[in-house]
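The following exercises are to be worked with the sequence and the coordinates at hand. Each task is followed by a solution in steps.

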Amino acid sequence: MVVRTIPVDDFDLVIFGATGDLARRKILPGLYRRFLAGQMPPSARIIGAARSDNSDEEFRKETRAAIEEFAPKADKSELNAFLSQLHYVPIDAKGPGGWDSLKTLMRDSVVRAFYFSVAPSLFGDLAQRLSEYGIADKNSRIVVEKPFGRDLASARALNATLAEHFAEGQIYRIDHYLGKETVQNLMAVRFANILFEPLWNAQYVDHVQITVSETVGVGGRGGYYDQSGAMRDMVQNHLMQLLCLTAMEPPYHFDPDAVRDEKLKVIRALEPVSPSEIVRGQYQADGEEPGYLEDAENPDSRTESFVALKVRISNWRWQNTPFYLRTGKKMRSRTSEIVVSFKEPPHSIFDESSQRRPNQLVIKLQPDEGMVMTVMIKEPGPGGMRLMQVPLDMSFADTFGPDGADMPDAYERLVMDVIRGNQTLFMRGDEVEAAWAWADPIIEAWDSAKTLPEPYDAGSSGPEEALGLMHRDNRRWREIRA
Ligand code: NAP
């Protein structure tokens with residue numbers, strides 16, 4: 001199946017932080033892939049901006065190297081044409097240098113978008129200068145990277161600063177998890193089929209599990225991570241978004257505010273989490289491999305590299321159906337998945353020995369995107385009625401063939417949504433604040449209790465206590481497979 005591409009309107013996209021890691025690894029290679037797909041108009045321009053004193057030519061050379069490194073499989077025959085659409089302006093977010101040149105470069109009557117791929121401490125400066133110099137107009141869009149605040153107070157302050165210069169409809173707060181094909185498919189599966197929605201509630205769903213595990217540690221960015229931890233870095237944003245899309249009511253229309261209104265209602269319905277229903281962990285040293293404390297360069301660190309928690313949603317649909325969330329570093333494999341675990345049939349006509357297992361719908365986000373539904377069938381062959389569980393597998397790579405497996409990366413899809421002016425897959429300010437309002441008391445309780453996270457082995461599925469969180473409810477995590 002060939003992926004359909006609809007070209008976007010002509011645009012000038014300024015990437016602040018164009019020489020940084022995110023721009024080199026994701027944004028610029030992603031834009032090249034959109035160019036190859038025919039989605040970028042030939043007159044569209046990408047303007048790199050950072051303090052480094054580059055020329056257009058130097059920026060093009062660096063971008064070529066980034067694309068060769070991070071999009072190795074992309075056809076390079078059109079790379080020169082793409083690079084000719086790139087420009088560069090040296091700019092300091094904190095000073096006056098470069099802003100007049102940027103203003104002169106920008107064209108009228110095209111979409112103007114500004115990607116803030118810089119440290120969050122610069123978001124306010126950029127917003128202020130863009131409006132002060134008259135570079136952004138009322139149709140311009142800004143894309144704001146994560147982290148969006150580190151607690152409710154800082155998120156509110158940042159929202160207020162951005163609001164001084166931009167309307168909410170111009171602000172695109174990025175969470176790249178929302179750009180994943182499967183996350184959007186979750187909405188298609190739920191709301192475009194009659195099959196699942198009648199069962200998607202506490203009457204038929206026993207529980208939901210959301211796992212995001214990584215194999216990497218925090219080495220290299222330990223100093224930054226140690227100020228944050230798994231709760232701030234992953235749960236408050238990525239896992240929260242997955243929870244919302246799984247739990248929300250059907251919006252009246254697939255429209256940005258209708259979808260985000262429903263997500264917000266879920267966050268507001270989250271109950272406070274009791275400390276006994278949270279497990280925090282820190283990975284240990286493994287032979288030559290450093291443990292968290294060494295990676296963080298902080299022998300006394302109480303920051304968690306793993307967290308598992310049981311979350312309750314206080315509304316009609318999810319009464320008594322818990323959501324278990326877990327995420328961690330240095331775990332057995334890189335896995336992101338949502339498991340909707342259904343209840344057993346109310347009465348079984350089969351023997352107790354027939355090995356019945358509840359149906360599960362597994363929505364896989366990585367490493368391979370796709371969905372699996374487990375169902376019980378009769379074990380083939382004579383010898384009586386024995387049951388077995390089989391997966392109904394819909395991996396996108398299998399279903400859509402090589403073209404389908406080559407779906408746009410989350411970043412490239414989201415950048416194109418910015419140009420199209422579609423905010424559905426971006427977080428609204430009130431959503432981010434509500435998520436912090438839920439997370440803050442959990443983090444504050446840890447800070448005041450001063451307890452140490454539980455140690456866990458690198459390459460495991462987290463601390464034993466996290467398994468216990470489910471076992472004591474007579475449930476099990478789906479195994480994280482190597
Ligand atoms: P980075 O590698 O440190 O790059 C920072 C960029 O900002 C560089 O281009 C730097 O270039 C520029 N910069 C620094 N100070 C500046 C100033 N005063 N004025 C103008 N430009 C300035 O950071 P990154 O990893 O790309 O991350 C960028 C943002 O994305 C951060 O908010 C980060 O939290 C977020 N993010 C990154 C990732 C990732 O995988 N890297 C993932 C998720 C979110 P000069 O030094 O030349 O000015």
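Helices are DSSP runs of H or I with at least four residues, and strands are runs of E with at least two, both numbered from the N terminus. The model is a predicted one.

**Exercise 1. The chain as a whole**

Task: State how many helices and strands the chain has, and determine how its radius of gyration compares with the globule rule.

Solution.
Step 1. Under the definition above, the chain contains 15 helices and 15 strands.
Step 2. The radius of gyration is 24 Å, and the globule rule gives 23 Å for 482 residues; the two are close, so the chain is as compact as a globular protein of that length.
Step 3. Along the principal axes, the C-alpha atoms occupy a box of roughly 80 × 55 × 50 Å.
Step 4. A residue counts as buried under 20% relative accessible area; 53% of the 482 residues meet this condition.
Step 5. Of the contacts between residues at least 6 apart in sequence, 76% connect residues at least 24 apart.
Step 6. The accessible surface of the chain is about 21600 Å², with 51% of that area belonging to carbon and sulfur atoms.

**Exercise 2. The surroundings of the ligand**

Task: Identify which residues come nearest to the ligand, and describe the polar contacts made by Gly17, Gly20 and Asp21.

Solution.
Step 1. The ligand is surrounded by 21 residues, and those that come nearest are Thr19, Asp21, Arg25, Ser52 and Val118.
Step 2. By class, the shell consists of ten nonpolar, five polar and six charged residues.
Step 3. Helix H1 (residues 21-36) contributes the most to this shell, supplying three residues.
Step 4. Two backbone contacts involve oxygen atoms of the ligand: a polar backbone atom of Gly17 is at 3.3 Å, and a backbone N or O atom of Gly20 is at 3.0 Å.
Step 5. The side chain of Asp21 places an N or O atom 2.7 Å from a nitrogen atom of the ligand.
Step 6. On its own the ligand has 890 Å² of accessible area, and the protein covers 74% of it.

**Exercise 3. Helix H5**

Task: Decide whether helix H5 is mostly covered or mostly uncovered, and name what covers its buried residues.

Solution.
Step 1. Helix H5 spans residues 123-132, and seven of its ten residues are buried, making the helix mostly covered.
Step 2. These buried residues are Phe123, Gly124, Asp125, Leu126, Ala127, Arg129 and Leu130.
Step 3. Their cover includes strands E1 (11-16), E4 (111-116) and E5 (141-144), together with helices H4 (99-105) and H6 (152-165).
Step 4. After H5 comes Gly134, which has a positive phi near 65°.

Note on methods: Residues are numbered from 1 along each chain as its sequence is written. This is a predicted model: local features need pLDDT of at least 70, side-chain atom pairs count only at pLDDT 80 or more; totals for chains, interfaces and linings use all residues. Side-chain values use heavy atoms; hydrogens and water are left out. A residue is near a molecule or strand if one of its heavy atoms lies within 4 Å of it. A polar contact is a pair of N or O atoms within 3.5 Å; within protein, one must be able to donate a hydrogen and the other to accept it, and residues adjacent in sequence count only if both atoms are side-chain atoms. Accessible areas come from the Shrake-Rupley method with a 1.4 Å probe; for residues, only the protein chains shown count as cover. Ala, Val, Leu, Ile, Met, Phe, Trp, Tyr, Cys and Pro count as nonpolar, Asp, Glu, Lys and Arg as charged, and the others, Gly among them, as polar. Buried means under 20% relative accessible area, exposed over 50%, partly exposed in between (1.4 Å probe, protein chains only). Contact means heavy atoms within 4.5 Å. The radius of gyration is taken over C-alpha atoms; the globule rule is 2.2 Å times the number of residues to the power 0.38.
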